[in-house]
Every structure is written in structure tokens, then in C-alpha cells.
Amino acid sequence: PICEIQILDKLSQGLSDKQIAVRLGITPHGVRYHLKHIYAKLNVPGRTEARTRAVQLGIFRPTPATAH
């Protein structure tokens with residue numbers, strides 16, 4: 001199953017929903033479904049805030065390729 005951390009990792013790389021979907025082998029709708037839950041869990045409105053909040057909480061540690 002697709003883990004929300006995998007979605008966050010791809011999100012951190014600046015990928016679109018469609019690009020994330022292709023890389024993870026799911027549909028863009030599936031990506032949006034996971035993102036909706038990620039945003040709710042982190043209490044954030046969007047992509048950038050989700051990544052920042054996940055890093056602040058120690059949920060997600062960006063790899064050198066995703067660190068900005």
C-alpha cells in the first residue's frame with residue numbers, strides 16, 4: 001500500500017499529482033485522496049505547508065535531493 005510518507009517525499013521533490021501517481025503506480029485521484037488526508041492530519045491548507053509541517057514534527061526527513 002502507498003504510504004503517506006511516500007506521497008510527502010514526492011511532494012517535496014516538487015512533483016505534480018500526475019507525476020506522483022506515475023512514480024507510485026496509482027491514479028492522480030489516489031494521490032489527491034492521500035493528500036487530502038495528509039492536509040487534514042497536519043492541519044495545513046496545501047502542499048508547501050504540509051512538507052514544512054511534516055519536517056517540523058519529525059514525521060518526514062527530507063533526503064538531500066529533496067532538501068531546500
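## Ile5 and a nonpolar surface patch

Ile5 is found in helix H1. The structure shown is a predicted model. With a relative accessibility of 32%, Ile5 counts as partly exposed, because the partly exposed class lies between under 20% for buried and over 50% for exposed.

Ile5 also belongs to a nonpolar patch on the surface. Its partners there are Leu57 and Ile59, and the patch made by these residues has an area of about 240 Å².

## Helix H1 and its buried residues

Helix H1 runs over residues 4-12. Its buried residues are Ile7, Leu8, Asp9, Lys10, Leu11 and Ser12. The cover over these buried residues includes helix H2 (17-24), helix H3 (28-42) and helix H4 (47-56).

Ser12 deserves a separate look. This residue is part of helix H1. Ser12 has a relative accessible area of 4% and is therefore buried, since the cut-off for buried is under 20%. The side chain of Ser12 makes a polar contact with the side chain of Arg51, at 3.2 Å.

After H1 comes Gly14, which has a positive phi, near 80°.

## The two sides of helix H2

In H2, the buried residues are Asp17, Ile20, Ala21 and Leu24. They lie on the same side of H2, because the arc they cover around the axis is only 100°. A general rule helps in reading such a pattern: an α-helix has 3.6 residues a turn, so residues three or four places apart point the same way.

The opposite face of H2, turned away from the buried side, carries exposed residues: Lys18, Val22 and Arg23. Elements that cover the buried residues of H2 include H1, H3 and H4. H1 and H2 thus appear in each other's cover: H2 is among the elements covering the buried residues of H1, and H1 is among those covering the buried residues of H2.

Just after H2 stands Gly25, with a positive phi of about 70°.

## Asn43 in the loop between H3 and H4

Asn43 is placed in the loop between H3 and H4. Its phi is near 55°, which is a positive value in a residue other than glycine. Asn43 has a relative accessible area of 70%, so it is exposed; the cut-off for exposed is over 50%.

Notes. Residues are numbered from 1 along each chain as its sequence is written. Side-chain values use heavy atoms; hydrogens and water are left out. Buried means under 20% relative accessible area, exposed over 50%, partly exposed in between (1.4 Å probe, protein chains only). Helices (H or I, at least four residues) and strands (E, at least two) are DSSP runs, numbered from the N terminus. Contact means heavy atoms within 4.5 Å. A polar contact is a pair of N or O atoms within 3.5 Å; within protein, one must be able to donate a hydrogen and the other to accept it, and residues adjacent in sequence count only if both atoms are side-chain atoms. The arc is that of the directions from the helix axis to the C-beta atoms. Patches are made of residues with over 30% relative accessible area and no salt bridge: like charges are joined within 9 Å, nonpolar side chains (Val, Leu, Ile, Met, Phe, Trp, Tyr) within 5 Å. Accessible areas come from the Shrake-Rupley method with a 1.4 Å probe; for residues, only the protein chains shown count as cover. A salt bridge is a side-chain nitrogen of Lys or Arg within 4 Å of a carboxyl oxygen of Asp or Glu.
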